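I opened this notebook to keep a record of what I looked up in the model, entry by entry. The sequence and the structure come first, and my notes follow.

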Amino acid sequence: MDTNYSDLSLSKISSLMGIPDDEPDERIPLSIWIDNIKDYKIKELTDGDIAKLIRQEIFLDYIVPEAINRIEKNPLAGSLGDGEILESFSMVSVDIWKSEGQKFCEELKLLLEEFLMKLQSFKLDIPYNTERFDDLDQADLAKSIKKAIENLNVALQ
């Protein structure tokens with residue numbers, strides 16, 4: 001990945017995109033959460049924050065490169081559970097991949113296909129702990145990766 005946005009904060013990204021820095025709506029948990037993390041650099045966000053930003057389809061052009069970097073280092077990166085970042089890609093709509101995330105579709109698809117192949121052949125370089133990441137967890141992760149690949153394939157057509 002050529003572009004490095006990891007030193008940008010969500011506030012800086014908003015400013016670059018011309019989005020005003022409004023006060024958070026205290027009635028909306030997502031608004032409060034974004035307000036709490038907006039001044040952290042992308043590289044300082046937790047794996048859970050990265051996964052949530054992807055699930056919410058927020059600033060994908062800036063977040064996906066960091067997510068790719070993290071899953072290349074640790075395919076099971078996440079806060080809520082193992083593989084949370086990988087699973088978050090399956091929740092991005094095809095329409096968003098076609099517009100906002102188009103420039104990452106091919107690279108991400110190839111990376112996910114590689115992970116899926118390694119996961120299914122038990123060749124993924126992760127610390128397997130059957131109590132923490134059992135066969136059912138692996139099957140669930142594989143299902144999410146397959147869905148993300150399908151969405152990316154549609155977006156690339």
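Is K109 buried or exposed, going by its relative accessibility? I looked this up first, keeping in mind that the model is a predicted one. The relative accessibility of K109 comes out at 12%, and since buried means under 20%, I entered this lysine as buried.

**Entry on K109 and its surroundings**

I placed K109 in helix 7, which covers residues 105-120. Leaving out residues up to four places away in sequence, I found that K109 touches I149, L152, N153 and L156. One of these partners, N153, I looked up separately: N153 belongs to helix 8, and at 30% relative accessibility N153 counts as partly exposed.

**Entry on the chain as a whole**

I then stepped back to the overall fold and noted 8 helices and 0 strands in the chain, so that I could write the order along the sequence as α-α-α-α-α-α-α-α. The radius of gyration is 16 Å, close to the 15 Å that the globule rule gives for 157 residues, and I therefore noted the chain as being as compact as a globular protein of that length. Along the principal axes, the C-alpha atoms fill a box of roughly 50 × 40 × 30 Å.

For burial I recorded that 45% of the 157 residues count as buried. For contacts I took residues at least 6 apart in sequence, and of the contacts between them 70% join residues at least 24 apart. The chain exposes about 8700 Å², of which carbon and sulfur atoms supply 48%. I also noted 18 positive and 32 negative side chains, with the centres of the two sets 2 Å apart.

**Entry on helix 3 and the loop after it**

Which residues of helix 3 are buried? I listed G48, D49, I50, A51, L53 and I54. These buried residues pack against helix 1 (10-16), helix 2 (29-37), helix 4 and helix 5 (84-88).

Helix 3 is followed by E57, and I marked the phi of E57 as positive, near 60°. E57 is found in the loop between helix 3 (47-55) and helix 4 (60-73), and at 24% relative accessibility E57 counts as partly exposed. In that loop between helix 3 and helix 4 I also found F59, whose phi is near 50°, again a positive value in a residue other than glycine. F59 is buried, with a relative accessible area of 13%.

**Entry on aromatic rings**

How many aromatic pairs does the count come to? I arrived at 3 aromatic pairs. The rings of F89 and W97 have their centres 6.2 Å apart and their planes at 35°, so I recorded the pair as tilted. Both partners were looked up for burial as well, and F89 is buried, as is W97. I noted further that F59, the loop residue described above, forms one aromatic cluster with Y5 and Y62.

**Entry on helix 8**

I looked up A148 next, which has its place in helix 8 and which, at 0% relative accessibility, counts as buried. Setting aside neighbours within four places in sequence, I found A148 in contact with F89, S90 and L112; F89 is the residue whose ring I had already paired with that of W97. The C-alpha atoms of A148 and E87 are separated by 7.9 Å, although the two residues are 61 residues apart along the chain.

What is the relative accessible area of K143? K143 lies in helix 8, residues 135-156, and with a relative accessible area of 62% I entered K143 as exposed. For K143 and Y40, which are 103 residues apart along the chain, I noted a C-alpha separation of 32 Å. I made a comparable check on N153, which is 116 residues from I37 in sequence and 32 Å from I37 in space, C-alpha to C-alpha.

**Closing entry**

I end by returning to the two lysines that I looked up: K109 in helix 7 is buried, whereas K143 in helix 8 is exposed.

Note on methods: Residues numbered from 1 in each chain as written. Predicted model: local features only at pLDDT ≥ 70, side-chain atom pairs only at ≥ 80, totals over all residues. Heavy atoms only, no water. Helix = DSSP H or I, 4+ residues; strand = E, 2+ residues; numbered from the N terminus. Rg over C-alpha atoms; globule rule 2.2 N^0.38 Å. Buried < 20%, exposed > 50% of the residue type's maximum accessible area, 1.4 Å probe, protein only. Contact = heavy atoms within 4.5 Å. Areas by Shrake-Rupley, 256 points an atom, 1.4 Å probe, with all protein chains shown as cover. Lys, Arg positive; Asp, Glu negative; His and termini not counted. Charge placed at Lys NZ, Arg CZ, Asp CG, Glu CD. Phe/Tyr/Trp six-rings, centres within 6.5 Å; stacked < 30°, edge-to-face > 60°.
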